[in-house]
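Please look over the sequence and the structure shown below, and keep both at hand while reading. The paragraphs that follow go from confidence to the interface, and then to the interior.

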Amino acid sequence: MIDAPGPWGSGPFVLAEGHSSLDTEQAVTSEGPFACTWLQRQDRTPQVRLRANTDYWDAVRGPHLREIVFRNDLSRSEALDLVCDGEGEVDIVTEVPHAQADRVERSTQARLVCVDAVRALAGVIDRDAKGLPLHDVRARRALNLAVDRTALVRDLFGGRARPLAGLTPPTPLTALHRAPDRLRPYPHDPVRAARLWRASGGATRPLRLAAMHDWEAVAHRVAQDLRQHLGVRVEVTILHGAEELEARRRLAEKTASQGWDVLLLEQGSQTADVPPLEHPASFRSAARVGWRTGVEHPAHSSVATLP
Amino acid sequence: MSVTQAVVRRLRGSPRGTVHVVDGNPLNWLYITYHTVEELVRVTKQGKVRPAAMRRYRWVDARTLEVQVRRDNAFADGEALTAESVRRAFTEQVRWVAPHPPGTHFNIDRRTRCEVTGPDTVRFHLPEADGLVLGKLRATHVMSERFWRDLGFGYARDQSGEGHW
């Protein structure tokens with residue numbers, strides 16, 4: 001961590017004020033042999049200031065700016081107000097929520113720039129859920145077929161997302177996976193979904209759907225699809241603040257009771273410049289510690305274990 | 001500084017202006033690291049590995065990677081960035097089981113030996129062939145001696161690099 005300002009490196013900027021780093025705590029994934037993973041939290045000062053390193057060797061790369069000031073003292077809403085309607089206080093806001101994108105486009109002062117994200121949103125299914133047939137592949141397929149992803153993208157993401165066939169977002173290196181006869185996202189097929197759900201035995205209690213608070217609207221839409229097409233009762237729980245970290249811990253530690261049957265979880269790449277290099281490995285390791293819920297499954301772990 | 005760099009610098013003039021950013025991206029820590037620190041290589045948006053703090057490299061044989069650092073490179077406090085800086089960065093990093101947040105797949109084999117063969121030249125002696133080692137150097141931050149003494153990614157303060165990034 002670089003958690004103090006100083007002339008530490010040789011890059012185009014110098015960390016002149018504040019810091020932005022990661023704080024972590026352990027989640028134990030195995031006791032014999034002991035193994036753990038880290039749950040990350042951001043640790044930022046209210047303001048982080050970068051000052052140009054005018055002696056930087058690569059003049060083509062920069063620095064072009066005298067200073068960059070990261071303001072961490074503003075809420076997302078305040079930041080959007082300032083970038084859309086203010087003057088000079090905020091110049092760039094990243095991570096504009098889908099619901100706010102139209103507002104930025106309508107603004108006379110701000111411009112919306114869209115880039116392909118290196119992240120995916122998926123539902124983690126607890127196969128060991130009591131009272132639900134989620135151990136049955138037909139039931140899990142039914143959940144997938146019942147959700148109208150195209151409508152989700154259109155109505156909730158403003159068209160700024162795309163259904164995925166797997167967990168790796170599309171990139172130039174994964175283009176072949178979208179070629180004909182290769183992997184395709186689940187279609188929306190309510191009739192087949194209902195048939196598979198009935199064949200798997202159906203539910204004897206409500207399905208518990210949980211989501212991090214950023215994905216609340218998605219959770220309610222998915223719940224609506226499941227109720228409508230599978231005839232299952234769905235209870236939605238939205239996790240806030242510390243609840244999110246606790247949910248990730250329980251998922252990683254594979255505790256017997258997660259408190260949900262399906263969890264909407266976002267996974268992003270930490271190497272924004274080379275997601276195809278990182279995603280396979282991160283998903284394999286994440287599958288071992290996070291993406292597969294329930295008790296340890298030796299056959300699954302043998303696939304997920306890194307060489 | 002090369003003629004090209006001098007011309008570009010003259011044409012561009014001094015850095016100017018201040019930009020205020022509200023960045024909600026969880027990778028903000030990494031953006032700040034990558035803008036204040038250099039590694040031996042960078043990776044382009046197309047996934048190409050390109051020299052950064054290194055001037056050039058060559059494979060001496062299948063298990064020996066030779067790297068030459070830039071002679072005109074220095075840290076922000078004026079200390080020269082040399083082959084010894086690279087050796088120190090590698091030595092500090094290889095002490096830990098998991099020195100990178102994305103995972104241990106960025107680890108360079110800890111049996112690797114980093115040898116300074118000249119003021120600007122180091123050789124990485126790998127225990128076995130590893131075609132990805134050049135890309136893995138993207139995650140080896142070359143820092144000043146002052147950094148390792150005072151901060152060291154938490155090593156100096158907490159006596160451990162595990163889980164500190």
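**Confidence, shared sheet and cores**

Chain A has an average pLDDT of 84, with 82% of its residues scoring at least 70; pLDDT is the predictor's confidence in each residue, from 0 to 100. This is a predicted model, in which local features need pLDDT of at least 70 and side-chain atom pairs count only at pLDDT 80 or more, whereas totals for chains, interfaces and linings use all residues. Residues are numbered from 1 along each chain as its sequence is written, while chains are lettered from A and ligands numbered from 1 in the order in which they are written.

Within chain A, the highest confidence is found in strand E4 (residues 47–52), at a mean of 98, and the lowest in helix H8 (residues 275–291), at 47; helices (H or I, at least four residues) and strands (E, at least two) are DSSP runs, numbered from the N terminus. Over residues 279–291 of chain A the pLDDT is below 50, and the model gives this stretch 27 contacts beyond near neighbours in sequence, two residues being in contact if their C-beta atoms, placed from the backbone, lie within 7 Å. Where pLDDT is low, the predicted coordinates should not be read in detail. Chain B averages a pLDDT of 90, and 98% of its residues score at least 70. For the model as a whole, the scores are ipTM 0.93 and pTM 0.83.

The two chains meet through 54 residues of chain B, which are in contact with 59 residues of chain A. On the chain B side, the elements that give two or more residues are helix H1 (3–12), strand E1 (18–22) and helix H2 (28–36) of chain B, and H2(B) supplies the largest share, 7 residues. By class, this side of chain B has 26 nonpolar, 19 polar and 9 charged residues; here Ala, Val, Leu, Ile, Met, Phe, Trp, Tyr, Cys and Pro count as nonpolar, Asp, Glu, Lys and Arg as charged, and the others, Gly among them, as polar.

How are the strands ordered in the open sheet of 5 strands? The order is E1(A)-E4(A)-E5(A)-E1(B)-E6(A), with mixed pairing, where two strands pair if DSSP finds at least two bridges between them. The edge strands, each pairing on one side only, are strand E1 (13–17) and E6 of chain A. Strand E5 (residues 67–71) of chain A runs parallel to E1(B) over 4 bridges, and Val69(A) stands opposite His20(B) there. Strand E6 (residues 92–93) of chain A is joined to E1(B) by 2 bridges, also in the parallel sense, with Val21(B) as the bridge partner of Ile92(A).

Turning to the interior, the largest nonpolar core has 51 residues, and Leu40(B) and Val86(B) have the most contacts inside it. Such a core is a set of buried Ala, Val, Leu, Ile, Met, Phe, Trp, Tyr and Cys residues joined through C-beta atoms within 7 Å; a residue is buried if 20 or more other C-beta atoms lie within 10 Å of its own, exposed if 12 or fewer, and partly exposed in between, with C-beta atoms placed from the backbone. Leaving aside neighbours within four places in sequence, Val86(B) is in contact with Leu40(B), Val67(B), Val69(B), Val122(B) and Val142(B). Apart from this core lies another, of 38 residues, including Ala223(A), Leu230(A), Val232(A) and Trp260(A).
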